[in-house]
Amino acid sequence: MKTEHLNSDQAGIAAAAAFLQRGEVVAFATETVYGLGADACNDAAVAKVFAAKSRPDFNPLIVHLADVSQIASIAEIPDAAQNLLSLWPGPLTLVLPRKQGSGLSDLVTAGLDTVAIRIPAHPVAQQLLRSFGGPVAAPSANPSGKVSATSAAHVFDGLSGRIAAVLDAGDCAVGLESTIIGFENGSAVLLRPGGVPVAEIEKLTGQKLGQPKVKTISAPGQLASHYAPDVAVRINAKAPRANEAWLGFGQNPRIAPGLNLSPSADLAEAAAYLFDALRKMDAICKKHGLQGFAVAPIPQTGLGLAINDRLSRAAAPR
Ligand code: TXA
Ligand code: MG
């Protein structure tokens with residue numbers, strides 16, 4: 001299959017929606033990362049998403065909608081979720097009790113009685129969802145276990161020839177996946193740190209975010225090793241070792257080949273650059289014959305939580 005490159009103009013968006021209607025898989029930009037979209041009500045289309053990513057099929061997908069009014073036929077909104085709806089559209093995913101008869105493919109929810117819902121803010125994602133008209137199931141547009149895609153070029157790197165098209169809307173502004181919140185015993189719990197900082201959520205719920213007690217799935221995004229470059233990664237490092245390149249943050253001396261996530265120590269800038277930097281560090285290590293790279297400490301505040309979450313999975317034993 002030749003993967004088509006679509007520009008994010010009217011014609012490109014219409015072509016992408018037509019692919020979705022025909023049961024094909026299309027990658028599209030959101031403000032977090034590129035998603036790999038399929039008609040969430042079409043079993044065969046959703047199966048193609050799992051196949052293109054080589055994703056284990058016990059791992060459920062996020063359902064993307066254009067606005068909150070579309071949730072009613074798919075999921076219930078618990079009281080504890082009400083205050084969080086103001087974060088939509090945006091980099092937030094809520095795991096909600098699933099309704100019967102929603103028409104969603106069972107592959108999307110991997111047999112769970114909950115469904116993950118996200119309403120993205122990116123104008124191109126919004127136009128695509130409105131033009132398609134129904135729920136779009138979309139994981140991040142990368143081969144399973146690998147680094148997420150924050151540009152169309154990243155998507156082509158990993159999935160060219162395996163999907164129908166890429167709807168190119170440039171670089172993703174947030175650069176990290178959505179924050180995923182679930183609900184247990186009437187309270188919000190953090191399933192994955194992401195683009196909305198924990199403090200913003202706690203301000204809206206008026207409560208500390210809990211950790212999930214119920215382990216419903218052991219999904220790749222929640223597995224130890226994920227977001228993995230080819231070379232070794234060592235985090236919270238003071239300095240690179242002889243066989244390492246250096247991924248800095250803030251004012252680090254340039255002591256080895258490498259890059260800096262944000263010379264001014266800006267966490268939003270570091271988040272937006274993270275996945276591109278992980279890909280480039282891979283190439284730098286290979287070019288210099290280095291075994292891996294060391295990463296400077298990232299403060300564990302705001303978006304730093306999500307950055308450290310992704311880095312620790314990139315560094316985990318494979
Ligand atoms: O920003 C994002 O969230 C991107 C864009 C494309 O929307 N999507 C994304 O999807 O990161 P993915 O598939 O790479 O990560 C979704 C995570 C997975 O770890 C999956 O296990 C979890 O969401 N998930 C999906 N449905 C769930 C459910 N019903 N209960 C618990 N976790 C769920
Ligand atoms: Mg992913």
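Guide: Welcome! A residue counts as exposed when its relative accessible area is over 50%. Please keep in mind that this is a predicted model.

Visitor: Why is N236 called exposed?
Guide: N236 has a relative accessible area of 52%. The cut-off is over 50%, so a value of 52% puts N236 in the exposed class. This residue sits in the loop between β11 (232-234) and β12. Its phi is positive, about 50°, although N236 is not a glycine.

Visitor: What makes N185 exposed?
Guide: The relative accessible area of N185 is 79%, and exposed means over 50%, so N185 qualifies. N185 belongs to the loop between β9 (179-184) and β10 (187-192). Here too phi is positive in a residue other than glycine, with a value near 50°.

Visitor: How do you know that R318 is exposed, and what does R318 touch?
Guide: R318 has a relative accessible area of 56%; with the limit at over 50%, R318 is therefore exposed. R318 lies in the segment after α8. Leaving out residues up to four places away in sequence, R318 touches S225, A228, P229, D230, V231, A232 and V233. A232 is 86 residues away along the chain, and the C-alpha atoms of R318 and A232 are 9.5 Å apart.

Visitor: Let us turn to the helices. Why are α7 and α8 called roughly parallel?
Guide: The axes of α7 (residues 267-288) and α8 (residues 304-315) cross at roughly 20° and come within 9 Å. Angles under 35 degrees count as roughly parallel, so this pair earns the label. The crossing of α7 past α8 is left-handed. On the α7 side the contact is made by L267, A270, A271, L274, F275 and L278, and on the α8 side by G304, I307, R310 and L311. These contact residues comprise 8 nonpolar, 1 polar and 1 charged.

Visitor: Where is α7 kinked, and which of its residues are buried?
Guide: The kink in α7 is centred on L274 and amounts to about 50°. The buried residues of α7 include L274 as well as F275, D276, M281 and C285. The buried residues of this helix pack against α5 (152-159), β12 (244-248), β13 (258-260), β14 (292-295) and α8.

Visitor: What makes α1 oblique to α4?
Guide: α1 and α4 pack at an angle of about 50°, with their axes 9 Å apart. Roughly parallel needs under 35 degrees and roughly perpendicular runs from 65 to 115, so about 50° leaves α1 oblique to α4. Their crossing is right-handed. Q10, I13, A16, A17, L20 and Q21 of α1 meet V124, Q127, L128, S131 and F132 of α4. In this contact there are 7 nonpolar, 4 polar and no charged residues.

Visitor: Which residues of α4 are buried, and what do they pack against?
Guide: In α4 (residues 123-132) the buried residues are V124, A125, Q126, L128, L129 and F132. Their packing partners are α1 (10-21), β2 (26-28), β3 (35-39), β4 (62-64), β7 (136-137) and β8 (165-168). Just after this helix, G133 has a positive phi of about 95°.

Visitor: One last stop. What kind of peptide bond joins W88 and P89?
Guide: That bond is cis, with omega about -5°. P89 is in the loop between β4 and β5 (92-97).

Definitions and conventions: Residues are numbered from 1 along each chain as its sequence is written. Chains are lettered from A and ligands numbered from 1 in the order in which they are written. This is a predicted model: local features need pLDDT of at least 70, side-chain atom pairs count only at pLDDT 80 or more; totals for chains, interfaces and linings use all residues. Side-chain values use heavy atoms; hydrogens and water are left out. Axes are lines fitted to C-alpha atoms, for helices over the stretch in contact, and angles run from 0 to 180 degrees between N-to-C directions. Helices (H or I, at least four residues) and strands (E, at least two) are DSSP runs, numbered from the N terminus. Angles under 35 degrees count as roughly parallel, over 145 as roughly antiparallel, 65 to 115 as roughly perpendicular and the rest as oblique. A crossing is left-handed if the near helix is turned anticlockwise from the far one by less than a right angle, and right-handed if clockwise. Contact means heavy atoms within 4.5 Å. Ala, Val, Leu, Ile, Met, Phe, Trp, Tyr, Cys and Pro count as nonpolar, Asp, Glu, Lys and Arg as charged, and the others, Gly among them, as polar. The bend at a residue is the angle between axes fitted to the seven residues ending there and the seven starting there. Buried means under 20% relative accessible area, exposed over 50%, partly exposed in between (1.4 Å probe, protein chains only).
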